[in-house]
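I open this notebook to record what I looked up in one structure. The entries run from the whole chain to single residues.

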Amino acid sequence: MSNQKQFAVWMDSHHATVVGKTSDDDTNYSVLAHVKGEVASQNSSEKNANNHEKSAQLKFFKEITTYMQNATHVHVTGTGIAQEQFMHYLADTAQFKNTKTDESTSNKMSNEKFVEFATAKFN
């Protein structure tokens, strides 16, 4: 299991915290990034607002995955439906198509608690 690239992501629709190991030699998990999604602005056209929301979400998901290169296992947790949408995004993305994903629901945690959560999940 030492060559596993495991990551945990806590997310809601506008914020994500990515936890993983900083290098292959590292034995401890740590916070790799905090990613903030774009908040959709008011738009007079429902179609334009929906398109903007979809493109903002895609940009948010792409930014999260930049911290998860060569991932073999990703655990996604958080509130709302963002985790499910993110898991679908991973499954539909060639780079992550063979990545094992699972999910759970949890309230926002401090960075320290989330690192503990990820460590317990993968060890």
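The entries below concern the chain as a whole, one strand with its partners, and one loop residue.

**Entry 1: the model and its layout.** I note at the outset that this is a predicted model. I looked up the secondary structure and found three helices and five strands in the chain. I then read the elements in sequence order and obtained the pattern β-β-β-α-β-α-β-α.

**Entry 2: overall dimensions.** I asked what the radius of gyration of the chain is. It is 15 Å, which agrees with the value near 14 Å for a compact globule of 123 residues. I also recorded the span of the C-alpha trace along its principal axes, about 50 × 30 × 20 Å.

**Entry 3: burial, contacts and surface.** I looked up burial and found that 37% of the 123 residues are buried. Of the contacts with a separation of 6 or more, 62% join residues 24 or more positions apart. The exposed area of the chain is about 7500 Å², and carbon and sulfur atoms supply 47% of it. For charge, I noted 12 positive and 14 negative side chains, with the centres of the two sets 3 Å apart.

**Entry 4: strand E2.** I turned to strand E2, residues 15–20, and asked how many of its residues are buried. Six of its six residues are buried, and the strand is mostly covered. In a regular strand, side chains alternate between the two faces of the sheet. In E2, I found His15, Thr17 and Val19 pointing one way and Ala16, Val18 and Gly20 the other way, all of them buried.

**Entry 5: the partners of E2.** I looked up which strands pair with E2. Strand E1, residues 6–11, pairs with E2 in the antiparallel sense over four bridges. E1 and E2 form a hairpin, with three residues between them. Strand E3, residues 30–36, also pairs with E2 in the antiparallel sense, over six bridges. I followed Val19 in both directions: its bridge partner is Ala8 on one hand and Val31 in E3 on the other.

**Entry 6: Asn70.** I located Asn70 in the loop between helix H1 (46–65) and strand E4 (73–78). Is Asn70 buried or exposed? Its relative accessible area is 57%, so I class Asn70 as exposed, the cut-off being over 50%. Leaving aside residues up to four places away in sequence, Asn70 touches Lys5 and Gln95. I noted that Asn70 and Gln95 are 25 residues apart in sequence, with their C-alpha atoms 7.7 Å apart in space.

Notes
Residues numbered from 1 in each chain as written. Predicted model: local features only at pLDDT ≥ 70, side-chain atom pairs only at ≥ 80, totals over all residues. Heavy atoms only, no water. Helix = DSSP H or I, 4+ residues; strand = E, 2+ residues; numbered from the N terminus. Rg over C-alpha atoms; globule rule 2.2 N^0.38 Å. Buried < 20%, exposed > 50% of the residue type's maximum accessible area, 1.4 Å probe, protein only. Contact = heavy atoms within 4.5 Å. Areas by Shrake-Rupley, 256 points an atom, 1.4 Å probe, with all protein chains shown as cover. Lys, Arg positive; Asp, Glu negative; His and termini not counted. Charge placed at Lys NZ, Arg CZ, Asp CG, Glu CD. Pairing = 2+ DSSP bridges.
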